[in-house]
Amino acid sequence: MIERRVECEAATDLWYVAQNVFRQYVAREMATTRPTLDRTLSRPDAAGVDPDAVEYDRIQQLPLIYAP
């Protein structure tokens with residue numbers, strides 16, 4: 001059996017911890033939302049979105065804004 005030791009210091013900076021938790025939360029939300037966004041972008045009429053509308057442009061930008 002190989003023994004592995006890892007030395008690390010616990011993160012005590014509250015701001016760092018909060019950012020890390022929020023980053024993980026956004027990543028999970030985008031992972032679950034991404035299939036819906038992809039369906040909407042591939043078939044906007046079926047989703048009730050006008051491809052020429054401002055909302056469609058915003059939907060296209062969402063994955064880029066929240067990409068990890």
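This is a short tour of the structure, one selection at a time.

**Start with the whole chain.** Show everything as a cartoon, and keep in mind that this is a predicted model. The protein chain has two helices and zero strands. Switch on the surface next: the chain exposes about 6,300 Å², and carbon and sulfur atoms supply 55% of that area. Buried residues make up 15% of the 68 residues in the chain.

**Select α1, residues 14–42.** This helix has 29 residues, which at 1.5 Å a residue should span 42 Å. Try a distance between its end C-alpha atoms: they are 41 Å apart, which agrees with the expected span. Now follow the helix along to T33, where α1 bends by about 40°. A proline, P35, follows within four residues of T33. Colour V26, M30, L37 and T40 next, as these are buried in α1. What do the buried residues of α1 pack against? Bring the other helix into view, for they pack against α2.

**Select α2, residues 54–65.** The same distance check works on this helix. Its twelve residues should span 16 Å at 1.5 Å a residue, and its end C-alpha atoms are 16 Å apart, so the two values agree. Show the side chains of Y56, I59 and P63, which are buried. Then turn the view until you look down the axis of α2: its buried residues fall within an arc of 55°, so they line one face of the helix. A general point helps here: an α-helix has 3.6 residues a turn, so residues three or four places apart point the same way. The buried residues of α2 pack against α1.

Which exposed residues does the face of α2 turned away from its buried side carry? Select V54, R58, L64 and I65 to see them on that face.

**Select the core.** Choose V26, M30, L37, V49, Y56 and I59 together, and you have the largest nonpolar core, with six residues. Both α1 and α2 supply at least two residues of this core. Which helix gives the most to this core? That is α1, with three residues.

**Finish at M30.** Keep M30 selected and show what surrounds this core residue. Leaving aside its neighbours within four places in sequence, M30 is in contact with L37, L62, P63 and Y66. Two of the names here are familiar from earlier stops: L37 is buried in α1, and P63 is buried in α2.

Technical notes. Residues are numbered from 1 along each chain as its sequence is written. This is a predicted model: local features need pLDDT of at least 70, side-chain atom pairs count only at pLDDT 80 or more; totals for chains, interfaces and linings use all residues. Side-chain values use heavy atoms; hydrogens and water are left out. A nonpolar core is a set of buried Ala, Val, Leu, Ile, Met, Phe, Trp, Tyr and Cys residues joined through side-chain atoms within 4.5 Å. Buried means under 20% relative accessible area, exposed over 50%, partly exposed in between (1.4 Å probe, protein chains only). Contact means heavy atoms within 4.5 Å. The expected span of a helix is 1.5 Å times one less than its number of residues. The arc is that of the directions from the helix axis to the C-beta atoms. The bend at a residue is the angle between axes fitted to the seven residues ending there and the seven starting there. Accessible areas come from the Shrake-Rupley method with a 1.4 Å probe; for residues, only the protein chains shown count as cover.
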